[in-house]
Amino acid sequence: AKVAGKNCYRFYSRAMDQAVERRVQMEHELRGAWDRGELSLAYQPVFDLAEGTMVGAEALLRWRHPKHGLVAPSVFIEVAEQSGLIEVLGPRVLRAACRDAVRWNTRRSGDRPLFVSVNVSPRQLRSGDLPKVVAAILAETGLSARQLHLELTETAVIGDEVHAGNLLSRLRQTGVKVWLDDFGTGFSGLSHLRRVPVDGVKIDRSFIADILRDPDDLALTTAIIAMAHSLGITVVAEGVEKEGQYALLRERGCDLAQGYWIGHPVAVDEFLSLLD
Ligand code: C2E
Ligand code: CA
Ligand code: CA
Ligand code: CA
């Protein structure tokens, strides 16, 4: 047993070494990826359920690796977060998304301007002075603050709520909207909303996935909608993959929705062509 244990340990240790090596390699490649043009943004439409029209889009980062093809954002964003690379990437993403949004809204002049929603990682929230960075990028790109939404995960604001609360207040004073992403997956849930000033919550897609079959998931989703509305904040449902989910969420008074049934994330040129 001892020998087996030892071999076992060696095996795992070697596997672990390999995982660490892959990570270091990925970090190295990711560092130059932006300058090599391997990173781009995809945009996923966000619909207003009552009106049945597109009101904005979420910016989602894509990495096309020359050898491995598309790398999952859940993997490389984590590497960027752990390595600190996100502190450089984050503002670039923000600037590119604001520029793109100005392009759409110029194309749509006359119609109600669309918002662009940008993900902000926990580390990015803590690095530098985000409200200042945001204000500078808005000034530089000419996007109106009202057309920028920032998506923060619950984990980004948990722990240091006083600091996070102050940051969020300052961000909202610049006129941008702040959304709590992946809502419902954290521990704090709704009680959190009393202390953290946000404009809305995005119900995590794990809740939406089963609302047509699982009465508990539907009850939870309906409760989130009701409580968010009683606090005066907006609700977005993500991961809407079926017409039935769309109809049910609309019936339950959910404000906005996004998901494959409404539209997949697409490159900016394709997104622009959706607007015509
Ligand atoms: P997220 O913010 O929760 O983004 C939504 C994810 O759900 C996206 O995955 C999107 O492609 C996917 N999705 C959209 N509709 C559906 C649907 O109907 N069904 C299913 N199953 N999935 C759907 P993606 O693009 O792989 O991104 C994964 C995560 O990576 C994002 O989750 C976000 O946390 C992170 N991420 C992506 N871009 C950025 C970025 O620019 N900055 C930061 N900090 N994080 C980002
Ligand atoms: Ca998001
Ligand atoms: Ca989400
Ligand atoms: Ca369930």
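The following exchange asks how the descriptions of the metal sites and the ligand 1 site in this predicted model are reached.

The model is predicted, with local features needing pLDDT of at least 70 and side-chain atom pairs counting only at pLDDT 80 or more, while totals for chains, interfaces and linings use all residues. Residues are numbered from 1 along each chain as its sequence is written, chains are lettered from A and ligands numbered from 1 in the order in which they are written, and side-chain values use heavy atoms, without hydrogens or water.

Me: What makes Asp 181, Asp 182 and Glu 238 donors of the calcium ion (ligand 3)?
Reply: Donors are N, O and S atoms within 2.8 Å of the metal, or 3.2 Å for Na, K and Ca, and water is not among the atoms, so sites may look incomplete. The OD atoms of Asp 181 and Asp 182 and two OE entries of Glu 238 lie 2.2 to 2.5 Å from the calcium ion (ligand 3), and therefore count as donors. Along the chain these donors follow the spacing D-D-x55-E. Asp 181 in strand 6 (residues 177–183) and Glu 238 in the loop between strand 8 (234–237) and helix 10 (243–251) are 57 residues apart.

Me: Why is Asp 181 called buried?
Reply: Buried means under 20% relative accessible area, exposed over 50%, and partly exposed in between (1.4 Å probe, protein chains only). Asp 181 has 7% relative accessibility, so Asp 181 counts as buried, and Glu 238, with a relative accessible area of 9%, is buried as well.

Me: Which of these words, buried or partly exposed, applies to Asp 214, and which to Asp 217?
Reply: Both residues coordinate the calcium ion (ligand 4) through OD atoms, at 2.6 to 2.8 Å. Asp 214 is at 24% and therefore counts as partly exposed, whereas Asp 217, at 15%, counts as buried.

Me: How do you know that Gln 44 makes a polar contact with ligand 1?
Reply: A polar contact is a pair of N or O atoms within 3.5 Å; within protein, one must be able to donate a hydrogen and the other to accept it, and residues adjacent in sequence count only if both atoms are side-chain atoms. An N or O atom in the side chain of Gln 44 is 2.9 Å from a nitrogen atom of ligand 1, so the pair qualifies. Oxygen atoms of ligand 1 lie 3.3 Å from a polar side-chain atom of Glu 58 and 2.8 Å from an N or O atom in the side chain of Arg 205.

Conventions:
Helix = DSSP H or I, 4+ residues; strand = E, 2+ residues; numbered from the N terminus.
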